[in-house]
Every structure is written in C-alpha cells, then in structure tokens.
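Here's a quick walk through the fold of this chain, with an eye on how its strands line up. Have the structure open as you read.

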Amino acid sequence: MAAAPGQPGAALSAPVLRPLADAAATEALAARLAGRLPARAVVHLQGDLGAGKSTFARAMLRALGVTGTIRSPTYTLVESYALPGGGQALHLDLYRIGDPGELEFLGLDDDAARLWLVEWPERGEGALPRADLRVALAVAGTGREAHLEAATAIGRAWLASAGVD
C-alpha cells in the first residue's frame, strides 16, 4: 500500500523509468548515481530474485572506490565497506530474515554509515532508516528496467544532480 503524500513512505516525485539493456547499463546507472552521492543516503533496492539488485549495489560500491572483493551479504545479512572519501557503506540483504526485530542483533551503526544499500527492505520495515531513494528493478524482455523514486528531498536532489530525474 502506498503512503499518503507527506507520510514517511510517500514518494516526492513520480517514479522515473530507465530501461537497462544489460548488466553494463545497470552498472552505468549505479555509477552515475555514485558520482553524485549525497553526504548521507539510504537506498532501498527492490525486485524479484535475479532482477539485478546485487549487480546495482556492487557497481555503486565500485564506483565509489571500494576495492577488493565485494561480497554478497546473502548469508551474512550485512557487509560493511570503508569509503575512500570517508564514512562507511553498508550493504544489506534481508531476504533471509524472518522478523524486522532481527536487525537489532546486527549492531548497525547509523552514524558511521554514509550509504545504506538495502536489498529486500520490506523484510526490515520499521527497523530500517527511511529510504531517500527507492530503486525497483525488474526483468524486461532480455534486459531489465529500473524504476527510481525519490522518497525524501535528499533523494529528489540526488536524482536531479545525477540527471536521472
């Protein structure tokens, strides 16, 4: 159910649809957003299994300068990365949690995180920071499509500065 305008889950603008022909297009979109990363941002990544959520997250982390192995948090639930420009990026995959209360045991530090990339955010509803940007990915023919939706003024400004509005 969509939130009413002015409510915490409400979108500030209509979703922007971006066709993504292949994984390289998904990576390019993530890199474009990474190039304009605000001081602090929360991104909720939504979509079915195989929609490209992890591809998007890895590409954004790479574009932000993360080197070395970028592991999927499928079994660990969270992976933390130091960002070369300062702060941390948290990549969460909540597919395997049964209750949002389980997030309390992960010891996540809201203050240290500059970027939250959250896959399956609906499973952590009520226990996560509010999304600035929602990225819903879906299979479309032989490629994918991304629906980008600003959920806060930060998200709206981010999309505009990246030229994705």
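## Strand pairing and packing

Let's start at one pair of residues: Val42 sits opposite Trp116 in β5. The model is a predicted one, by the way.

That match belongs to the pairing of β2 (residues 41–46) with β5 (residues 113–119), which is parallel and runs over five bridges. Right beside it, Ala41 has Leu115 of β5 as its bridge partner. β5 also pairs with β4, again in the parallel sense, over six bridges. There, Gln88 is matched with Ala113 of β5. How well covered is β5? Mostly: six of its seven residues are buried.

Zooming out, these strands belong to an open sheet of seven, with mixed pairing and the order β1-β7-β6-β2-β5-β4-β3. The edges are taken by β1 (16–20) and β3 (78–82); each has a single partner strand, so one side of each has no neighbour in the sheet. On average, neighbouring strands are turned by 20 degrees against each other, direction ignored.

Two helices pack on this sheet, and here is what each one touches:

| Helix | Strands touched | Angle between directions |
|---|---|---|
| α1 (residues 23–34) | β1, β6 (133–140), β7 (143–150) | about 135 degrees with β1 |
| α2 (residues 53–63) | β2, β3, β4 (88–93), β5, β6 | about 165 degrees with β5 |

So which helix touches β5, the strand we began with? That's α2, and its contacts also include the edge strand β3. Helix α1, for its part, touches β1, β6 and β7.

Definitions and conventions:
Residues numbered from 1 in each chain as written. Predicted model: local features only at pLDDT ≥ 70, side-chain atom pairs only at ≥ 80, totals over all residues. Heavy atoms only, no water. Pairing = 2+ DSSP bridges. Helix = DSSP H or I, 4+ residues; strand = E, 2+ residues; numbered from the N terminus. Axes fitted to C-alpha atoms, helices over the stretch in contact; angles between N-to-C directions. Contact = heavy atoms within 4.5 Å. Buried < 20%, exposed > 50% of the residue type's maximum accessible area, 1.4 Å probe, protein only.
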